[in-house]
Amino acid sequence: MPTVAPLDLEGHCVAAVFLNDVPHFALADGAIHRLDNGQKTVQANDGLLAAFHDAANDRLITGGEDGKVFAVKAGGEVGELASAGKKWVTSVAAGPQGAIAYASGKTAFVRFADGKIKEFAHPRSVEGLAFSPKGMRFAVARYNGATLHFPAAEGKPVELEWAGAHTGITFSPDGAFLITTMQENALHGWKLADGKHMRMSGYPGKVKSLSWSVKGKWLASSGAPAAIVWPFASKDGPMGKAPLELGTRGNTMVTCVACHPSQDVVAIGYEDGMVIAARFADAKEVLLRRPGKGAVTSMMWDKEERRIVFGSASGDCGVIDITA
C-alpha cells in the first residue's frame, strides 16, 4: 500500500507541484508552502488566482488579485515578473525560451525572457492561455472560440470560432491539436492543420482538469464519475472514437487528473479526496489515498516517478509515495 505524508494547510490549494524535487503547495491566499526538511512558507501574490508549472525552467508562475505575476523557484525564491496595475491577473502560462503569458480582463500579455512585454487586446475577456510546444505561438480561450497569436512576428492572429464560453485551453504535445474546456459540460477541439472541429461532450459536470499522456497519445479529463480519456494517436484525434473511462465511481466526481511521465497510467483525484492510479491498457486500478477532506484540485508526479504531490480545495494536501 502506498504511504501518504499529509500536510494540513488552511485554504484552497491552487497548485501542488515539485520544484527541484521538493513538494510545493500554492494556496489561494498567495502563500507558497514547501516540504523541505520541515514545512517552510513564502508569500507570492496577495490573493492567488492562477498558477502554471513551468517545467522547462523548474518554476511556478503565479498571478493574482494584486495584479502581479511572480516566478517561484525551489528554496523559496520569489521574483516579480510583471504587473497589470490594479487589475486582476486571472490566467498565466509559460512558453519556450523563457517567455510567459498572462491575462487581465480583455488583454493578454506576453513577456519575453529579456523583459519586453507585448499586449494582445480581445473583444471579450481572456479566459485561458497556452503556448504551443512548437515555435513561438500562443492561444487564448475566449467567448465563442480561441485565438492563435504569433507574438514574435507581425501578422494577423488566427481566429478559431465555436459558439459558447471557452474557459481553459491546451495544445497537444505535438502541436497538432488545440483543445478548450467550456462553460457547458464539454470540451472542444481543433485540428490545426485543417481547422476540423472535435466536439467532446456527454460530461455530467464541468471539465476543470486536463492532462496529456506521454507523447500525447491520450488526453485525460475530469468532469465525470470516471476519468474520461480521449484517444489522440491517429491523425484525426478522437473524431468518431469513444473515450476510455477509468476509475469509475458511481457517486463521486473526478476533479483532477495527472498522467504518468513515462507510462500510460493516470492518477485520478476525486471530490471526496480519494486518489487512485489507473492503467489505460486494462483499466487496472491501485488505491493511492483513501478519501480525505475536500476535492483534489492539483496533482503532479516527481521526476523519479515514485511520488505524487496533491492539493485539495480544503488545504488537505500531501505527498503519496507509491513505492512504499
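## Exercises on a strand-built chain

Both faces of strand β29 are covered, since Arg 307, Val 309 and Gly 311 on one side and Ile 308, Phe 310 and Ser 312 on the other are all buried. Buried here means under 20% relative accessible area, whereas exposed means over 50% and partly exposed lies in between, with a 1.4 Å probe and protein chains only. The model is predicted, and local features need pLDDT of at least 70, side-chain atom pairs count only at pLDDT 80 or more, and totals for chains, interfaces and linings use all residues. Residues are numbered from 1 along each chain as its sequence is written, and side-chain values use heavy atoms, with hydrogens and water left out.

### Exercise 1. The chain as a whole

Determine how many helices and strands the chain has, and compare its radius of gyration with the globule rule.

**Solution.**
1. The chain has zero helices and 30 strands, where helices (H or I, at least four residues) and strands (E, at least two) are DSSP runs numbered from the N terminus.
2. The radius of gyration is 19 Å, close to the 20 Å that the globule rule gives for 324 residues, so the chain is as compact as a globular protein of that length. The radius is taken over C-alpha atoms, and the rule is 2.2 Å times the number of residues to the power 0.38.
3. Along the principal axes, the C-alpha trace spans about 55 × 45 × 30 Å.
4. Of the 324 residues, 55% are buried, while the chain exposes about 13600 Å², of which carbon and sulfur atoms supply 51%; accessible areas come from the Shrake-Rupley method with a 1.4 Å probe, and for residues only the protein chains shown count as cover.
5. Among contacts with a separation of 6 or more, 39% come from residues 24 or more positions apart, a contact being heavy atoms within 4.5 Å.

### Exercise 2. An open sheet

Establish the strand order of the open sheet of four strands, and then follow the pairing from one edge to the other.

**Solution.**
1. The order is β24-β25-β26-β27, with antiparallel pairing; two strands pair if DSSP finds at least two bridges between them.
2. The edge strands, each pairing on one side only, are β24 (254-259) and β27 (285-289).
3. From one strand to the next the twist averages 25 degrees, with axes taken as lines fitted to C-alpha atoms (for helices over the stretch in contact) and angles running from 0 to 180 degrees between N-to-C directions.
4. β24 is joined to β25 (residues 265-270) by five bridges, and Cys 256 stands opposite Gly 269 in β25.
5. β25 and β26 are likewise paired in the antiparallel sense over five bridges, with Val 265 opposite Arg 279; their hairpin has four residues between the strands, and Gly 273 takes a positive phi near 90 degrees.
6. β26 is joined to β27 by four bridges, Val 275 having Arg 289 as its bridge partner, and the hairpin of these strands has five residues between them, with Ala 283 in the turn at a positive phi of about 65 degrees.

### Exercise 3. One alanine

Decide whether Ala 278 is buried or exposed, and list the residues that it touches.

**Solution.**
1. Ala 278 is found in strand β26, where four of the five residues are buried.
2. Because its relative accessibility is 1%, Ala 278 counts as buried.
3. Leaving aside residues up to four places away in sequence, Ala 278 touches Leu 246, Asp 264, Val 265, Val 266, Ile 268, Lys 284 and Glu 285.

### Exercise 4. The surroundings of β29

Identify the strands that pair with β29, and place them against the annotated domain.

**Solution.**
1. β28 (residues 296-301) and β29 pair in the antiparallel sense over five bridges, and Val 296 has Ser 312 as its bridge partner.
2. The hairpin of β28 and β29 has five residues between the strands, and Glu 305 in the turn has a positive phi of about 65 degrees.
3. β29 also pairs with β30 (residues 316-321), in the antiparallel sense over four bridges, Arg 307 being partnered by Asp 321; in this hairpin, with three residues between the strands, Gly 315 takes a positive phi near 80 degrees.
4. UniProt, in an unreviewed entry, places the feature "domain: Anaphase-promoting complex subunit 4-like WD40" at residues 261-322; UniProt positions are given in the numbering used here, feature names are shortened, and annotations may be inferred rather than shown by experiment.
5. That span is 0% helix and 55% strand, and its end C-alpha atoms lie 14 Å apart.
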